[in-house]
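Colleague: I am new to reading protein models, and I would like some help. Could you take me through one slowly?

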Amino acid sequence: MGLLVKEKEIVIPGEVVADGDAKPSYGTYKDGDKIYSAFLGLVETNEGYVKIIPLSGCYLPKVDDKIIGRVIDILMTGWRMDTNSAYSAVLSVKEFVTSRYGGREDDLSRLIAIGEYVYVRIIKVTSQNLIDLSTAEPGLGKLKGGRVITINSHKVPRVIGKKGSMVTLIKEKTGADIKVGQNGVIWLRAENPDAELKAEKAIRLIEEKAHTEGLTQTVEAFLQ
Amino acid sequence: MSYKRRCDGRGWDEIRPTEAKAGIIPNADGSAYFRMGNTAAYCAVYGPRELFPKFLQNPKTGIIRCHYNMLPFSGMGERIRPGGNRRAQEISLVMEKALSAVVDLSDFPNAVVDIYTDLPETDAGSRCVAINAAAMALADAGIPMKDMVSALAVGRVDDKIVVDLCYEEEAYEGGPVADIPIAVVHNTQEIALLQMDGEISKEELIRAIEMGRKAMEQVYEIQKKALKEKYQDA
Amino acid sequence: MPDIRENMLNLAALGRRQDGRGLEDYREPISVEVGISRSAEGSALVKIGKTVVMAGVKLAVDKPYPDTPNEGSMMINVELLPLSNPKYESGPPSIKAVELARVIDRGIREAKAIDTKKLCIVPGEKCWMVIIDLISINDDGNLYDAAGLAAMAALDNAVFPKLKEGNIPDYKEKSNIPIPLTKNILPVTVFKVGQYLFVDPNQEEEEGYDGRLSVAVAADGNIAALQKGGEDTFTLEEIETMVDLAVQKAKFLREKLKSI
């Protein structure tokens, strides 16, 4: 295939990345026989396909993503949540797993108050990006204590690492409890404030160096 | 009479000393600084985010909104009263149209991308500098774009066609002047902004735009280099 | 839920902050750059951590106020740009911008830091008006200290334009005459959460504090203006400690001004 730039090279919108029989994939478009980048991002190829991994940009909600949302309003039968994207989402009380719900007369703010964070799964996204959420799965639910930080959602895969290896490394070295939302919102908590800070700094380091080689070694060295 | 030598000694097709930097405002989703000569702009991009009031929303696509603002001390004369004016509104509008040519927000129905450009110092060509900063900030914000947009002013000073006019040239009194801000989409070379004030023949206009397109390549390269540098430093 | 105030309190008990600083530590780096806008008569760009504030001084010729015919005047304006933080909107100055402008204005005005008598051109007829615009470029907290530092640096950097016939300023021709400054005034804001005092909050910490006291401090350690903010009340002992801390921190910030 006719890749015109190097693998992992940084390109800007409109830059020609390939021609010939290369096939356009995410973050690219084809015009004539050339493939162009539609983002500021890294070039990646796989079996003849060329795609761009954006280096920045806002989160676009997808079904089955686990995200961390913040309650911004309380509705009749659920909560409106900020999703760190262009769209807010609704967690219906039917989808919120709790034994404390007292039925229709109950005040929902007793269960989750405005400003609180919840680890949720996206169960529906419409064409207009109306979003429904659920906590019906082990590990999901309200987040208590700790701190919440926000990173660029495109860097989340690096924070998680292959099969969760990166986040496991941080957890092991710092003893912190960490939940990483696909939307770039990350919750962490450790008994020791130094450990919590160290875990945050490790995540910030990954965000900053996400596009560089040897990231695991960099993070390992930092955590030593 | 004839215009013999540019007031700052540049060649007719030469742009002013230009510098750019991406990612200078950490709070923003994307940002950039762009300077040409004595005209400088900061730009911050926020979004896509929810658009209010709701009646402005477009259910088919996200939209962009430009906010061009000269800071109170950015004029060479008296202080400029803050709060905007009709000129700033018009420039915001033409910026929006120029940038819309490359931005694709079809994945973001009902949303908005806000583009704030604030200029601490202006001499001439401020809308072009603002567009150059804005195109970089949009790319830095990870907004889907089919291409980059670059801008500069071309024009006529007396009997000469020149690119990137400075203030003295805009205000030249020895003969007729035309000031033509243009923006160009890089790959297609199509014109995304075109305004003109002054006096020029059609032939000269076409010649000026062609000369501008060539000089624009330097502006584009500076934008491109600055965007990549942000990640090479890290 | 991760409550910012509660988190701050827990850490403060250990003498710590969420970003690892001690209670009395400023963020790093702190930098002051002057002459960043050639169209201004004086300008400065101040960075404290990720907070960035710009100051620009413009000088205009105006008629003196009737009650001070032999003096020029001064005005301070603050623009909290939507560019600098998603929480700001376009439009007329918010109360936050007005308060910030007033606190810095009063510090400089009450200490008579600018010798306004020397701004007189023709008594009763013409005088210089010094206008300082303070602009947030990236608001990551503690705009007070950053803006105060920027205002002082820009004033120090400013020179008068030359005067044309009829006492009209020629903005293209700068003189080498500086603005007559008699004192160096820096505002330092001390914050309180629970019983703990701290300085230089970042954005997040500004969401969680209980009270604050801005103290405009002169180089000799005297104070020129005060402004209490927040809903909490202070004891006299607290005020004493807060002023002491402000004086000490003003000295620290003044060093940053000297190094430019």
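Modeller: Happily; we will go from one chain to the contacts between chains. Please keep in mind that this is a predicted model.

Colleague: Let me start with chain A. How many helices and strands does chain A have?

Modeller: A good habit is to list the regular elements before anything else. Chain A has 17 strands and four helices. Its C-alpha trace spans about 65 × 45 × 25 Å along the principal axes.

Colleague: What share of the residues in chain A is buried?

Modeller: Burial is judged by counting neighbours: a residue is buried when 20 or more other C-beta atoms lie within 10 Å of its own. In chain A, which has 224 residues, 40% are buried.

Colleague: And how is chain A divided into domains?

Modeller: Here we rely on a domain assignment. For chain A it gives domain 1 (2-54), domain 2 (66-142) and domain 3 (147-223). The centres of domain 1 and domain 2 of chain A, taken over C-alpha atoms, are 38 Å apart.

Colleague: Now a sheet, please. In what order do the strands of the open sheet in chain A lie?

Modeller: Sheet order follows who pairs with whom, not the numbering. In this open sheet of chain A, the four strands come in the order 2-7-8-4, with mixed pairing. Strand 2 (10-11) and strand 4 (23-24) of chain A are the edge strands, each pairing on one side only. Strand 4 of chain A runs parallel to strand 8 (residues 49-54) of chain A, and two bridges join them. To find one on screen, look for Lys23(A), whose bridge partner in strand 8 of chain A is Tyr49(A).

Colleague: How many residues of chain A and chain B are in contact?

Modeller: For an interface, count each side separately. Chain A brings 22 residues and chain B brings 29. The chain A side divides into 13 nonpolar, seven polar and two charged residues.

Colleague: Which strand of chain B gives the most to the side that touches chain C?

Modeller: Start with the whole contact: 23 residues from chain B meet 30 residues from chain C. On the chain B side, strand 3 (39-50) and strand 5 (111-121) each supply at least two residues. Strand 5 of chain B gives the most, with four residues.

Colleague: Last one: which residues touch the most other members of the largest nonpolar core?

Modeller: That core has 212 residues, and those touching the most other members include Ile131(B), Leu138(B) and Val53(C). Leaving out residues up to four places away in sequence, Ile131(B) touches several residues, among them Met95(B), Leu99(B) and Leu193(B).

How values were computed
Residues are numbered from 1 along each chain as its sequence is written. Chains are lettered from A and ligands numbered from 1 in the order in which they are written. This is a predicted model: local features need pLDDT of at least 70, side-chain atom pairs count only at pLDDT 80 or more; totals for chains, interfaces and linings use all residues. A residue is buried if 20 or more other C-beta atoms lie within 10 Å of its own, exposed if 12 or fewer, and partly exposed in between; C-beta atoms are placed from the backbone. Two residues are in contact if their C-beta atoms, placed from the backbone, lie within 7 Å. Ala, Val, Leu, Ile, Met, Phe, Trp, Tyr, Cys and Pro count as nonpolar, Asp, Glu, Lys and Arg as charged, and the others, Gly among them, as polar. Domain bounds come from an automatic or database domain assignment. A nonpolar core is a set of buried Ala, Val, Leu, Ile, Met, Phe, Trp, Tyr and Cys residues joined through C-beta atoms within 7 Å. Two strands pair if DSSP finds at least two bridges between them.
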